[in-house]
Amino acid sequence: MTTTQERSRSKPESRSVVVRLLRHGGGRVGVCLLVVVTVALVVGPFFVGDPNDADYTNELARPSWEHPLGTDLAGRDMLARTLAGGRYSLGIAALVSAATLAAGLLLGLIAGLAGGWIDKFLSRVFDVLLGLPWLVVALAIVGALGPGLMNMVVALTVIGWAFFARLARNETIGARDRPDVVAARMAGVPVRRIAWTHVVPNVILILLVAVTAAFTEVVLALAGLSFLGLGAQPPTPEWGRMLAETRGSLTIAPWLVIGPGVGLCLGIAGMLLVSDALRDVADPSRHKGR
Amino acid sequence: MRKPSRHDHAGPDGPVVRTIGATRVYQVGPHGVRGVCDFDLSVAPGEIVGLSGRSGSGKSTALRLVSAIERPDSGRVEFGGRDVWAGVRGSSPQLPRTGYVMPVFQDPTSSLDPRWAIYRSVTEPMTVHRRLARAERVAAARTMLAGVGLEHVDVHALPSQLSGGQCQRVAIVRALSGGPALLVADEPTASLDVTSAAGIMHLLRRTADAGTAIVVVSHDQRVLETLADRILRLEDGLVVQPDQPDQPDRLLSN
Amino acid sequence: MKLRRRTTSNREAADGPRIDAESVLSIRGLRITYGNGGMALRGVDLEVRSGECVALVGESGSGKTTLARAVVGLLPRSARARGSVRLGEREMLGLSDREWRKLRGRTVGFVSQDPFAACDPLRSVGHHVEESWRVHGDRRPPANHLDRLAELGIPHPKEMLRDRPHQWSGGMLQRATTVAASMYDPPLLVADEPTSALDAELADGVLTSLRRAGRSVLLVCHDLDLAAKHSDRIAVMYAGRIVEERDSSQPGQPRHPYSRALLAATPSGGGGLPRELPGTAPGPLEVLQGCAFAGRCTHAGDLCTISTPMLVDDVACHMEHSR
C-alpha cells in the first residue's frame, strides 16, 4: 500500500522580487524609510514657507513653533530648506543612480552578449574610465560645461556608469555556463531569447543591489562637489552645502545640522537596508545557515 | 554478468553519436594538463554507455566533446553520421536538428532556473520552433510530469520547493521534452539520496528503452555497472579496458 | 557518577582494538528542535562502546547529521536540545562554545565532509595539521604526526606537508584531516560523511584510515555498503529516529522495512537495477502520527498509523515486534 504521492516542501515562495523584499525584515524597514522620506520631500514643501525667503532680522534663531528647525545665517526657515534641499540631494542622486544603471546595463549586456572585438573594445573603455580619478574628471566636465546641478548630473553619470557596465558584462558572461542556460542553448533557444528570459532578469537584480549600495557615494559626491561650488549654486538648498554652511556657526547654533543631517541619515540608511535585502533576495543561500 | 548490448550498432541511421580520435587537452596551472586523447566512442539508439574514472581522468571533457558543447583540438565528432564541426568557425556546432542532444546535470536544483515555475523550465525546449500559450505549456507540463510520477507536484512551484529527487526528474523531463536523440548525464545521481537515485536510474533506463541514446558519467562504478550497457573507463585522459566490466580494485591505498 | 554497562560478552573487532563494554558515548532520549520549530531528532538512544565503530545510516532529513553535530557541539545557535549526551562520564549537552573549544580535539575529534572546504586554500596542508595542537595552546605536537601520516599512507610526509591543499587528492587530504582530528587520541572520533565529497574509489582507503586512527568512531554515512564494510554496528535512521540497529557482520536481511528498502535501493555491481522506493520521507516540520514510515511501507498495518513503534530488541516496527 505504498503511496506515490510526493509532497512539495514547505512554505510558498513568491516569484516577485518586490514581495520577497517586503517579507525581508530589513527590507521592510528600508522601504518604509524610503517611502516616508519620499512623501515628506514631495508633499512637505507645500506646507512650509519659501526656503529662499531671507529675513536678516531673524538670523540663527532657535527652533520655535514658527521655525521648527530654526533659521540659518540668512534667516531662512531650516525646515523649508531641508525639505526643499532633499529634492536635490536625494532626488538628484536617485536620478544619477538611474542613469548610471541604465547606461551600465545596456553597454554591459552588449559587451557580454556580443563577445569578440566588441567585448574587447568595450572592456577597454570600462577599464580606462574606472581608472580615472573621479574628482578630476568631474572638475574637467564642470569646467567645460560650467557649474550647475544638471552639469553635475552629467559629470557623475559619466564617471559612474563604467562600474555597472563591467559588473553587467561579467555577470552576462558568467551566465553562459549556468546549467539552465546551457540546457537552453543545447535545446536551440535563440541567444536573444536566452538573454531576455534567463540572463537579463538576473543581471538587473544584481545591478540593483550594486546601485542601491553605491547610493551613499553618489549622495556624498554630490555634496562634496556642491561644497566646492561646482554643483548647486546659492541660494539653491542642497544638504551638502547646507552642512558646509553650518561650519562657522556650529557652536552657537548646533540645531542647524538636524535637518540635513537627519535627512541624509534616513535616506542613506533606507537605501542601504534595501540594498542588503535585495542581496539576500538575489542569492538566497546567503540567508541560510543561521 | 554484462548483458549483451541490445542495440548492436544497428538502427537504420547508424550510431546516434560517434567520436573518432577526439582529442581535447588544456593547461591547468603550471604543471597540470587535463583532458582526453584519442577518444573513440559510438552510441546506438537506446544504448546507455557509461564513462567512469577518477576526478581529473578526463571523463567530463569526454562528455563535453560527445555533447558537442566543446570543440576537439583534433579528431571528429559525428551526430547521425555527419561531422558537426566541419566547416564551422565559431563555437556553435552544426547539429542534424535543434535539440539533438540535451544535458542532465549533477545538482538538480541549480540546473533549473531558480526564478521560473517548473512548468516553464520543462516546456522551454518545446517552444523553440513554435509559440505555445501559457495554458498549453501548463497542460503539457502536467502531462509530462505525471509520466514520471510527479502528478501531485504543483507545476507552478519553484525548484527550491522540491526535493532533490523531484528536481532531477523535472530536469530529465525538461531534457526530453524536445525529443532529443541523445541524453548526456553528468553524475546524475551523485547528489541524491539512495532511494531517489534508484528512481532516477529507473527513469533513465525507461528513457533508453524508448529509443534515446544515453551517455552517463559517474565516479561510482556500482551505478554504472547496474545502469549502463557498456562502460568505458578513463585514466589520465586515455581509455583503459574498453567494453569490459572493470576489475574491482577496492584496496587502493591512494 | 560513573556510567558503566557490563555485558556478559565482549566482542572483538575484525582488525582493531578489543571492544570492551565501557561506553564512550551514551545518548539518551535526545530531542533536537530547530529555530523554525522543526524536530530534527525525535527521541534517540544510542551507545558507542570503547573500540567500536558505529555507523549512522540514513537519507537527507533523517537527522544523522544533526546527531553527529550534537555530539561535537556544532549545532546552530537556534537549536534546542533535550535529553542527555555523555562522552565518557561527562554530560555534553548545554556546554558553552568556550568549553566545547577546549574539548574538541581532546575529548572528541571531528572529521567533516569536504576536506577542501576545511583547509585554508592559501596555507599549506602542514599548517592545517598544526592548527590542531596550536588551537589548544601547545607549541609542539602531542604525538608524532609525521609517523601517523605515513602510517595512513601518505608517503614522504615532511615534504608533502609543504604542499597546498589543491595539490593533494581528496582522499589524501581527508587522511590528513583524520590525523589532525586524532592528534590527542580522543576517545571518540566523529566523522560526518567523510567520503561523500570524494570519488567512490577512494572511499575504502579513507574509511580504513579512519578506523585505524580512531579509538572509537561514530561514522555518518549514506552508503549502506560502505557502512557495513567499515563499521561494527549500523544504526539506521528515519525521520529523526533510529529504526534499527544491527551488527554489520550479521548475515541475512535487515528487519525493518525501511532498512530493507534502503538495501534494495543500493546499487550493487552485477545485479539488476536497484529497487525504487516511491514517496518522500517526512520532514522535521511535520507532526507525525504513528510510524513515520507507514505511508511508504508495504507491510503497514492498522497499528502502524496510530502508535509510534519504540526501538525494542534493536528494531522499531510493530510488525516485527508482533512476530
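**Exercise 1. The nonpolar core**

Which residues touch the most other members of the largest nonpolar core? Then list the contacts of C:Leu219 beyond its neighbours in sequence.

*Solution.* Begin by recalling that this is a predicted model, and then turn to the core. The largest nonpolar core holds 229 residues, and within it C:Leu218 and C:Leu219 touch the most other members. For the second step, leave out residues up to four places away in sequence; C:Leu219 then touches C:Cys53, C:Val54, C:Ala55, C:Leu56, C:Ala191, C:Ala227, C:His230 and C:Ser231.

**Exercise 2. A covered strand in chain C**

Determine how many residues of strand β3 of chain C are buried, which way they point, and with which strands β3(C) pairs.

*Solution.* First, consider burial: strand β3 covers residues 53-57 of chain C, and five of its five residues are buried, which makes the strand mostly covered.

Second, consider direction. In a regular strand the side chains alternate between the two faces of the sheet. In β3(C), C:Cys53, C:Ala55 and C:Val57 point one way, while C:Val54 and C:Leu56 point the other way, and all of them are buried.

Third, look for the partners. β3(C) pairs in the parallel sense with strand β8 (residues 216-221) of chain C, over five bridges, and four bridges join β3(C), again in parallel, to strand β9 (residues 233-238) of chain C. C:Leu56 illustrates both pairings, since its bridge partner in β8(C) is C:Val220, and in β9(C) it stands opposite C:Ala235.

**Exercise 3. An open sheet in chain C**

Give the strand order of the open sheet of four strands in chain C, and name its edge strands.

*Solution.* Read across the sheet, the order is β2-β1-β4-β5 of chain C, and the pairing is antiparallel. An edge strand pairs on one side only, and here the edge strands are β2 (39-49) and β5 (90-91) of chain C. To examine one edge in detail, take strand β4 (residues 80-87) of chain C, which pairs with β5(C) in the antiparallel sense over two bridges; there C:Leu87 stands opposite C:Arg90 in β5(C).

**Exercise 4. The helices of chain A**

Describe chain A by its elements, its dimensions, its burial and its contacts.

*Solution.* Start with the elements: chain A has ten helices and zero strands. Next, take the dimensions along the principal axes, where the C-alpha atoms of chain A fill a box of roughly 85 × 60 × 30 Å. Then turn to burial, where 39% of the 290 residues of chain A count as buried. Finally, among the contacts in chain A with a separation of 6 or more, 69% come from residues 24 or more positions apart.

**Exercise 5. Where the chains meet**

Work out how many residues each chain gives to the contact between chains C and B, and to the contact between chains A and B, and which elements supply them.

*Solution.* For the contact between chains C and B, 29 residues come from chain C and 24 residues from chain B. On the side of chain C, α7 (170-181), α8 (200-213) and α10 (257-265) each supply at least two residues, and α8(C) gives the most, with five residues. Sorted by class, this side of chain C has eleven nonpolar, twelve polar and six charged residues.

For the other contact, 18 residues of chain A meet 31 residues of chain B. On the side of chain A, the elements giving two or more residues are α7 (179-187) and α8 (191-227), of which α7(A) gives the most, with seven residues. By class, this side of chain A divides into eight nonpolar, five polar and five charged residues.

**Exercise 6. Confidence**

Find the stretches of chains B and C where the pLDDT is below 50, and set them beside the averages of the two chains.

*Solution.* Begin with the averages: chain B has a mean pLDDT of 87, with 89% of the residues scoring at least 70, and chain C has a mean of 88, with 93% of its residues reaching 70 or more. For the whole model, the scores are ipTM 0.86 and pTM 0.82.

Now locate the stretches. In chain B, pLDDT stays under 50 over residues 1-11 and is below 50 over residues 244-254; in chain C, it is below 50 over residues 1-19. Where pLDDT is low, the predicted coordinates should not be read in detail. That caution applies to the contacts the model has beyond near neighbours in sequence, such as the 19 contacts of residues 244-254 of chain B and the 32 contacts of residues 1-19 of chain C.

Terms used:
Residues numbered from 1 in each chain as written. Chains lettered and ligands numbered in written order. Predicted model: local features only at pLDDT ≥ 70, side-chain atom pairs only at ≥ 80, totals over all residues. Core = buried A, V, L, I, M, F, W, Y, C linked by C-beta atoms within 7 Å. Buried ≥ 20, exposed ≤ 12 C-beta atoms within 10 Å, placed from the backbone. Contact = placed C-beta atoms within 7 Å. Nonpolar A, V, L, I, M, F, W, Y, C, P; charged D, E, K, R; others polar. pLDDT = per-residue confidence, 0-100. Pairing = 2+ DSSP bridges.
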